[in-house]
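Visitor: Please take me through one part of this model at close range. I would like the sheet, its strands and whatever they touch.

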Amino acid sequence: MDPYIALARLSIHHWVRRHALLREVPEDIAAALAGQRAAVFVSLHTPESELRGCMGTLQPTHDHIFEEIIANATTACARDPRFPPVRAAELEHLDIKVDVLSEMEPTESTQLDPRHYGVVVSAPDGRRGVLLPDLEGVDTVDEQIAIACRKAGIDSVRDRYALQRFTVVRHEG
């Protein structure tokens, strides 16, 4: 199994069963992820492909990627405000995605492609919205920007905002 997915799944199972963060990473996973530091999003989906939880970071907040995965997988299953915490009965049926983000770079809308780039919209007052790339139902740059703006409470017509883009390496399982 992909070590990114294996660690996210192990973290989720550990939290749901013990209500504690995973502290010991299996040696094979630690070795596979050694030396990496990156921002990560972990998203959980039902067997029907409906979102069940998603949390992540835009910049690395931990020293090692395995810590980033553990923290975001746990938060996605336990503290995504849009959903109740994941129950034990759901564990075996969750589809998990771990997106490892590149560094952010300033961009213009003409340099975006919703299949290839994620987007961050930022208003001068600190409001910020994020949309990962290659999401079902997001087919145009205008849709991508509008959704990210809406998530941030930014009026895409009236408000000023800056754009940043990033790529992801998506792990699924």
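Guide: V40 stands opposite V100 in strand 3. This is a predicted model. Strand 1 and strand 3 run antiparallel, and six bridges join them. On its other pairing, strand 1 (residues 40-45) meets strand 2 (residues 51-56), again in the antiparallel sense, over five bridges. There the bridge partner of H45 is L51, in strand 2.

Now the whole sheet. It is open, has four strands, and follows the order 2-1-3-8 with antiparallel pairing. Strand 2 and strand 8 are the edge strands, each pairing on one side only. On average, neighbouring strands are turned by 15° against each other, direction ignored. Strands of a sheet pair through backbone hydrogen bonds, either parallel or antiparallel. In a regular strand the side chains alternate between the two faces of the sheet.

Next, the hairpin. Five residues lie between strand 1 and strand 2. S49 sits in that loop. Its phi is near 70°, a positive value in a residue other than glycine. S49 counts as exposed because its relative accessibility is 56%, and exposed means over 50%. A second residue of this kind is D134, with a positive phi of about 55° although it is not a glycine. D134 belongs to the loop between strand 6 and helix 4 (141-152). At a relative accessible area of 40%, D134 is partly exposed.

Back to strand 2, and to R52, which lies in it. R52 has a relative accessible area of 7%, so it is buried; the limit is under 20%. The side chain of R52 meets that of E90 in a salt bridge, 2.7 Å from N to O. E90 lies in the loop between helix 3 and strand 3, and R52 in strand 2, so this pair ties together parts that are 38 residues apart in sequence. E90 counts as buried too, at 14% relative accessibility.

The far edge has a salt bridge as well. The side chains of R170 and D99 meet at 2.7 Å, N to O. The pair links distant parts of the chain: R170 is in strand 8, D99 in strand 3, and 71 residues separate them. The two partners differ in exposure: R170 is partly exposed, with a relative accessible area of 22%, whereas D99 counts as buried at 1% relative accessibility. Salt bridges that share partners also join R52, R87 and E90 into one network. Within that network, the C-alpha atoms of R52 and R87 are separated by 11 Å, and the two residues are 35 apart along the chain.

How many salt bridges does the structure hold? The count is eleven. One of them pairs R17 with E92, the closest N and O atoms being 4.0 Å apart. R17 lies in helix 1 (residues 3-18) and E92 in the loop between helix 3 (65-78) and strand 3, so the pair ties together parts that are 75 residues apart in sequence. R17 is exposed, and E92 is exposed as well. The R52 and E90 pair contrasts with this, as R52 is buried and E90 is buried.

Last, the space beside these strands. Rolling a probe the size of a water molecule over the atoms shows where empty space is left. The largest pocket holds about 840 Å³ of space. Its lining takes in 29 residues. Nearest its centre lie L51, C54, L132, L135 and K151. L51 is already familiar as the bridge partner of H45. Which strands supply at least two residues each to the lining? They are strand 1, strand 2, strand 3 (95-101), strand 6 (128-131) and strand 8 (168-172). Strands 1, 2, 3 and 8 are those of the open sheet, in the order 2-1-3-8. By class, the lining has twelve nonpolar, six polar and eleven charged residues.

Note on methods: Residues numbered from 1 in each chain as written. Predicted model: local features only at pLDDT ≥ 70, side-chain atom pairs only at ≥ 80, totals over all residues. Heavy atoms only, no water. Pairing = 2+ DSSP bridges. 1 Å grid on protein atoms, 1.4 Å probe; cavity = no way out; pocket = protein on both sides within 12 Å on 5 of 7 lines; lining within 4 Å. Points joined across faces, edges and corners; volume = space filled by probe spheres on them. Nonpolar A, V, L, I, M, F, W, Y, C, P; charged D, E, K, R; others polar. Buried < 20%, exposed > 50% of the residue type's maximum accessible area, 1.4 Å probe, protein only. Axes fitted to C-alpha atoms, helices over the stretch in contact; angles between N-to-C directions.
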